[in-house]
Amino acid sequence: MDRLRPRHREVFSGFTSAEIKKLEKLLEKSGEEICSKEFCQKIAISFNRSAGRAGKPLIKWMEVQSWFEKRQQEQPKVIFARNSGKNESETPANCPNDKANENSPMPKAGQKIADLSELEFEAKSSKDGAWYDVDKFLGHRFLGSGEAEVLVRFVGFGAEEDEWINVKKNIRQRSVPLENSECHKVKVGDLVLCFQERRDQAIYYDAHVVGIQRRMHDIRGCRCLFLIQYDHDNTEERVRMRRLCWRLT
């Protein structure tokens with residue numbers, strides 16, 4: 001099977017109509033946390049994994065935060081003053097900047113946040129050990145060992161390629177392609193998803209970063225070289241940033 005992800009980043013050109021509707025709902029339901037870095041990151045990741053953004057530029061969390069800031073400034077909030085029968089109009093303050101939220105705690109386990117769009121997943125095929133995007137889950141079953149499996153339909157493939165996949169071992173949230181500006185985040189020892197190009201195939205495998213050669217960036221973007229070792233066969237290869245995806249789990 002072949003699974004390709006966007007190889008080159010486009011410039012963000014705006015939210016889709018579906019994304020705007022979801023943002024507007026979040027704006028109505030959420031409180032002060034709506035402009036926090038963590039909250040906006042969750043929304044950006046959710047949008048980037050949605051089917052509606054396939055083939056479109058990735059959204060950055062700052063763009064989500066900027067949208068909320070602008071809308072909050074445009075829509076004054078009506079409040080009732082204490083000990084007065086009069087209504088007073090108050091325009092909400094701007095969202096706090098990133099520095100104010102850098103040390104804010106992550107949501108605790110079980111804590112409810114506003115509904116986000118459904119997450120997207122990837123699954124590891126037993127046929128070649130590579131990871132492919134999940135289109136839909138068609139069913140589930142439990143083995144005698146008690147482990148759960150789901151019947152997966154892969155993106156871009158028909159029913160003949162459906163597979164039963166172990167949920168615990170081989171299903172995870174979809175990995176996100178790294179951007180040129182994020183190369184400094186990659187460290188030796190990191191687990192990544194790497195696009196492996198061969199004459200007979202071009203698919204994604206898990207790999208570990210075993211070496212990094214930092215280079216100056218130019219108009220083409222990141223020129224750093226990453227020495228990675230594929231987990232499935234222990235072979236090593238030097239690759240550029242555009243072939244790496246960030247593992248979320």
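**Figure 1. Tyr-132, Phe-154 and Phe-157 make up one aromatic cluster.** The model shown here and in the other views is predicted. Seven aromatic pairs turn up in a search of the whole structure. One of them joins Tyr-132 and Phe-157, in an edge-to-face arrangement. Their ring centres are 6.1 Å apart, and the planes meet at 85 degrees. Tyr-132 belongs to strand β4 (residues 131–142). Phe-157 belongs to the loop between β5 (148–154) and β6 (163–166). The pair therefore ties together parts that are 25 residues apart in sequence. Burial is uneven across the two partners: Tyr-132 is buried, at 0% relative accessible area, whereas Phe-157 is partly exposed, at 21%.

**Figure 2. Phe-195 and Tyr-204 form a tilted aromatic pair.** The centre-to-centre distance is 5.0 Å. The angle between the planes is 55 degrees. The pair counts as tilted because the edge-to-face class needs planes over 60 degrees apart. Phe-195 is buried, with 2% relative accessibility. Tyr-204 is buried too, with a relative accessible area of 3%.

**Figure 3. Two arginines sit over tryptophan rings.** Arg-141 lies over the face of Trp-164. The distance to the ring centre is 4.0 Å. In the second case, the charged end of Arg-172 sits over the ring of Trp-131. Here the distance to the centre is 3.5 Å.

**Figure 4. Arg-153 and Asp-162 are linked by a side-chain polar contact.** The contact spans 2.5 Å. Arg-153 is placed in strand β5. What else does Arg-153 touch, leaving aside residues up to four places away in sequence? Val-134, Asp-135, Lys-136 and Leu-138 are among its contacts. Gly-158 and Ala-159 also touch Arg-153, as does Asp-162.

**Figure 5. Strand β9 pairs with β10 and with β13.** Strand β9 covers residues 191–197. Five of its seven residues are buried, so the strand is mostly covered. Its pairing with strand β10 (residues 202–213) is antiparallel and runs over seven bridges. A hairpin of four residues joins β9 to β10. Strand β13 (residues 244–246) also runs antiparallel to β9, joined by three bridges. Where does Cys-194 find its bridge partner in β10? That partner is Tyr-205. In β13, Cys-194 stands opposite Leu-244. In a regular strand, side chains alternate between the two faces of the sheet.

**Figure 6. Strand β11 pairs with β10 and with β12.** Strand β11 spans residues 225–230. Five of its six residues are buried, so β11 is largely enclosed by the rest of the structure. Six bridges connect β10 and β11 in the antiparallel sense. Among the partners across this pairing, Ile-212 bridges to Phe-226 in β11. Strand β12 (residues 236–239) pairs with β11 over four bridges, again antiparallel. Ile-228 stands opposite Glu-237 in β12. The hairpin of β11 and β12 has five residues between the strands. In this hairpin, Asn-234 takes a positive phi near 65 degrees.

**Figure 7. His-184 lies in the loop between β8 (176–177) and β9.** Is His-184 buried or partly exposed? His-184 counts as partly exposed, at 47% relative accessibility. The side chain of His-184 reaches the backbone oxygen of Ser-181, at 3.1 Å. Cys-224 is 40 residues away from His-184 in sequence. In space, the two are 9.6 Å apart, C-alpha to C-alpha.

**Figure 8. The close-ups belong to a protein of 249 residues.** Five helices and 13 strands are found in the protein. Of its residues, 39% count as buried. The protein exposes about 15,200 Å². Carbon and sulfur atoms supply 49% of that area. How far apart in sequence are the contacting residues? Among contacts between residues at least 6 apart, 56% join residues at least 24 apart.

Note on methods:
Residues numbered from 1 in each chain as written. Predicted model: local features only at pLDDT ≥ 70, side-chain atom pairs only at ≥ 80, totals over all residues. Heavy atoms only, no water. Phe/Tyr/Trp six-rings, centres within 6.5 Å; stacked < 30°, edge-to-face > 60°. Helix = DSSP H or I, 4+ residues; strand = E, 2+ residues; numbered from the N terminus. Buried < 20%, exposed > 50% of the residue type's maximum accessible area, 1.4 Å probe, protein only. Lys NZ or Arg CZ within 6 Å of the ring centre and 35° of its normal. Contact = heavy atoms within 4.5 Å. Areas by Shrake-Rupley, 256 points an atom, 1.4 Å probe, with all protein chains shown as cover. Pairing = 2+ DSSP bridges. Polar contact = N/O pair within 3.5 Å; in protein donor to acceptor, adjacent residues only side chain to side chain.
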